[in-house]
Amino acid sequence: MQQTFAIIKPHAVKSKFSGKIIDMIEAAGFEIVEMKKITMNQAQAQALYAEHEGKPFYNGLVSIMTASPLIVLKLQKNEAVALWRELMGATNPANAAQGTIRALYGNSLDENAVHGSDSPASAARELAIFF
Ligand code: CMP
């Protein structure tokens, strides 16, 4: 079994899409090992997105992710990292495959509904920031 880290982003929580997204996670066979609704603090956002520091979208990203509550999840399944990324769809909702979470509930690159770790090493690092 592999674990991965997921976020239901602030705009999706505000739009009341959390339940629908959690349904999709469970229907796809993931076990929700841990889950909590939090407001991410500055230090957590900077640690999570350290690889993006200096990019044009970094400051906006940190402020969006710390502005209002979101849901963090520890998910478990065989091949959880890759399968969660597949269920999320492409980073830009405009390019996300039909039926994926970002195609259904994303609005833009900034409001792309969910986050997921990009490798098992990232998953371990990101999970340790929040759980
Ligand atoms: P996420 O999976 O949370 O990882 C970094 C986030 O930065 C990404 O989803 C997007 O919401 C956001 N973002 C904003 N602009 C860009 C961009 N040009 N390229 C990649 N990610 C971006």
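The following paragraphs lead from one residue, Asn112, to the ligand beside it.

The model is predicted, so that local features need pLDDT of at least 70 and side-chain atom pairs count only at pLDDT 80 or more, while totals for chains, interfaces and linings use all residues. Residues are numbered from 1 along each chain as its sequence is written, and side-chain values use heavy atoms, with hydrogens and water left out.

Asn112 belongs to the loop between α6 (101–105) and β4 (114–116), where helices (H or I, at least four residues) and strands (E, at least two) are DSSP runs numbered from the N terminus. With a relative accessible area of 2%, Asn112 is buried (under 20%, against over 50% for exposed and partly exposed in between, with a 1.4 Å probe and protein chains only). Apart from neighbours within four places in sequence, its contacts (heavy atoms within 4.5 Å) are Lys9, His11, Thr91, Pro93, Arg102 and Gly106. The side chains of Asn112 and Lys9 are joined by a polar contact of 2.7 Å, a term for a pair of N or O atoms within 3.5 Å, of which, within protein, one must be able to donate a hydrogen and the other to accept it, residues adjacent in sequence counting only if both atoms are side-chain atoms.

Asn112 is also among the residues that surround the ligand, including Tyr49, His52, Phe57 and Asp110, each having a heavy atom within 4 Å of it. An N or O atom in the Lys9 side chain is 2.7 Å from a ligand oxygen atom, the corresponding distance for Arg102 is 3.3 Å, and a polar side-chain atom of His115 lies 3.1 Å from an oxygen atom of the ligand. Of the 460 Å² that the ligand exposes when taken alone, the protein buries 78%, areas coming from the Shrake-Rupley method with a 1.4 Å probe.
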